[in-house]
Amino acid sequence: MQNFRLLAATAALGLAALPAGLAAAPAEGGTDARVASLEAQLKDLQNLAQRTHDRAAVENLFSQYMYLHNAFRDTDIIPLWASKGTPDVRAQYSNLGVYTGWDKIMSYHQNRPAPRGKLISHYTTTPMIEVAGDGQTAKGLWIVNGIESGLVDPEHAKNMPAWMFEKDMVGGKKVWMHNVYLKYGVDFIKQDGQWKIWHFHCFEVARAPYGMGWIPFAAAAQDDAFNFDLMYVGENGKPVFMPPVDGPAVVRSNTYRTDTAQSLDARPPEPYRTFSETFAY
């Protein structure tokens, strides 16, 4: 009965979604041949149903990540990552380099505050997700449009570049309001039946302070170390910088500059059987 329910549920997805040949009539011949054909089709349908389930689980996992990040609940993001001791876990947030130590990656989430007057809202769109044929890993690429903003005490603002701020002040504090455009490339791994983040890569495409726009901003900030080193703006607007990286960046973000052309930096995922056959974000 369970197999018949699976067949019915998969049929509801539409025969057009079936792998080539599954919609064909049972093989001609005797009863044994027909049974073998139906069993093969059932196995393929089970695999399709599992991969469909896995794809939805991966998309939900990354959406959960973004909801928590936007709410400054990064400590709750830590369980979404692969467990400590997982080989090859890593994260990259800029072209400075890559982090490969689990504890250092988790420190990025452990200490992020939720300052008064600060707002982050990243909207993920256009997901491209591929689940490996063996069902053990998956890859996802998202485009992101969002805002980042907050208030900075003058004592901290004096050590920050002018391009960071708007002209007007609020409550005696400097104001920063930025549009941000990003891509996220993420590899996932299944552990104990649950999908987890394995490789995380944030590709910043462009940034646009409200009073400046992305082209004047790039002209002013594209070679400023502050623009690359800043991790987040913390309590009272105090800038917090990235920790030392564990290794060089292998895949670099093609962040907008006034003196270069755009190129495809974050590769879209392609179908693959097992992770050794594909690239890593």
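Q: Why is Asn236 called partly exposed?
A: Its relative accessibility is 37%. Buried means under 20% relative accessible area, exposed over 50%, and partly exposed in between (1.4 Å probe, protein chains only). The value for Asn236 falls in between, so the residue counts as partly exposed.

Q: What kind of model is this, and how are its residues numbered?
A: The model is predicted: local features need pLDDT of at least 70, side-chain atom pairs count only at pLDDT 80 or more, and totals for chains, interfaces and linings use all residues. Numbering runs from 1 along each chain as its sequence is written, and side-chain values use heavy atoms, without hydrogens or water.

Q: What is the phi of Asn236, and where is the residue found?
A: Phi is about 60°, which is positive although Asn236 is not a glycine. Asn236 is in the loop between S8 and strand S9 (239–241). Helices (H or I, at least four residues) and strands (E, at least two) are DSSP runs, numbered from the N terminus.

Q: Is Thr126 buried, partly exposed or exposed, and how do you know?
A: Thr126 has a relative accessible area of 49%, so it is partly exposed. Its place is in strand S3. Its phi is near 45°, a positive value in a residue other than glycine.

Q: Why does Arg112 count as buried?
A: Its relative accessibility is 12%, so it meets the buried limit. Arg112 lies in the loop between H3 and S3.

Q: What does Arg112 touch, beyond residues up to four places away in sequence?
A: It touches His69, Phe72, Asp74, Ile120, Met231 and Tyr232. A contact means heavy atoms within 4.5 Å. Arg112 and Glu235 are 123 residues apart along the chain, yet their C-alpha atoms are separated by 9.5 Å.

Q: Which residues of H3 are buried?
A: Trp102, Ile105, Met106, Tyr108 and His109 are. Seen down the axis of H3, these buried residues fall within an arc of 140°, so they line one face of the helix. The arc is that of the directions from the helix axis to the C-beta atoms. The buried residues of H3 pack against H2, S1, strand S2 (97–99) and S8.

Q: What makes up the largest nonpolar core?
A: It has 40 residues. Those with the most contacts inside it are Phe62, Trp81, Tyr184, Phe188, Ile197 and Phe200. Elements that each supply at least two residues include helix H2 (31–70), strand S6 (173–191) and strand S7 (194–209). H2 gives the most, with six residues. A nonpolar core is a set of buried Ala, Val, Leu, Ile, Met, Phe, Trp, Tyr and Cys residues joined through side-chain atoms within 4.5 Å.

Q: What does Phe200 touch, and what else forms a core?
A: Beyond four places in sequence, the residues touched by Phe200 include Phe62, Tyr65, Trp81 and Tyr184. A second, separate core of 11 residues includes Val152, Met160, Met164 and Phe217.

Q: How many helices and strands are there, and what share of residues is buried?
A: The protein has six helices and nine strands. Of its 281 residues, 44% are buried. Among contacts with a separation of 6 or more, 67% join residues 24 or more positions apart.

Q: What is the mean pLDDT, and where does pLDDT stay under 50?
A: pLDDT is the predictor's confidence in each residue, from 0 to 100. The mean is 90, and 90% of residues reach 70 or more. Residues 1–19 stay under 50, with 16 contacts beyond four places in sequence. Residues 21–27 are also below 50, with nine contacts beyond near neighbours in sequence.
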